[in-house]
Amino acid sequence: MQHVKIIVKGRVQGVSFRAFTLKSAKKHGIYGTVKNCSNGNVEIIASGTMQAMENFSHNCRKGPLFATVTELNTIELPNPGTLFTDFRIIDQ
């Protein structure tokens, strides 16, 4: 199981990026969260198998129709003590 933080930069707020991410996560069996950041980025915390994470990451790099992803940074996280049981959008 892989556990990562993904920071997505570009035109990723106001274009349904979080909803797109939720749909993609459910499709690939990814658990975690997605939220908008105050600096205009989107932050994803995700857990899944290596193959599922590759597919999910590929989808995040493309984004929804009106998004423009300029950068996607993935940071490996240590195994969390508590595993996610679903994928959800965090509203702030």
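**Aromatic pairs and a helix contact**

Two aromatic pairs are counted, where ring centres of Phe, Tyr or Trp (its six-membered ring) lie within 6.5 Å. The model is predicted, so local features need pLDDT of at least 70 and side-chain atom pairs pLDDT 80 or more, while totals for chains, interfaces and linings use all residues. Residues are numbered from 1 along each chain, and side-chain values use heavy atoms, without hydrogens and water.

**Exercise 1.** Classify the pair F17 and F20 by the angle between the planes.

*Solution.* Step 1: planes under 30 degrees apart are stacked, over 60 edge-to-face, the rest tilted. Step 2: the F17 and F20 planes stand at 45 degrees, with centres 6.2 Å apart, hence tilted. Step 3: both residues belong to helix α1 (residues 17-28), three residues apart; helices are DSSP runs of H or I, at least four residues, and strands runs of E, at least two, numbered from the N terminus.

**Exercise 2.** Classify the pair F56 and F87, and state whether F56 is buried or exposed.

*Solution.* Step 1: the planes make 65 degrees at 6.1 Å centre to centre, which is edge-to-face. Step 2: F56 is in helix α2 (residues 50-62) and F87 in strand β5 (residues 87-90), so the pair links parts 31 residues apart in sequence. Step 3: F56 has a relative accessible area of 0% and is therefore buried (under 20%; exposed is over 50%, partly exposed in between; 1.4 Å probe, protein chains only).

**Exercise 3.** Which residues of α1 meet α2?

*Solution.* Using heavy atoms within 4.5 Å as contact, F17, F20, T21, S24, A25 and H28 meet A52, N55, F56, N59 and C60.
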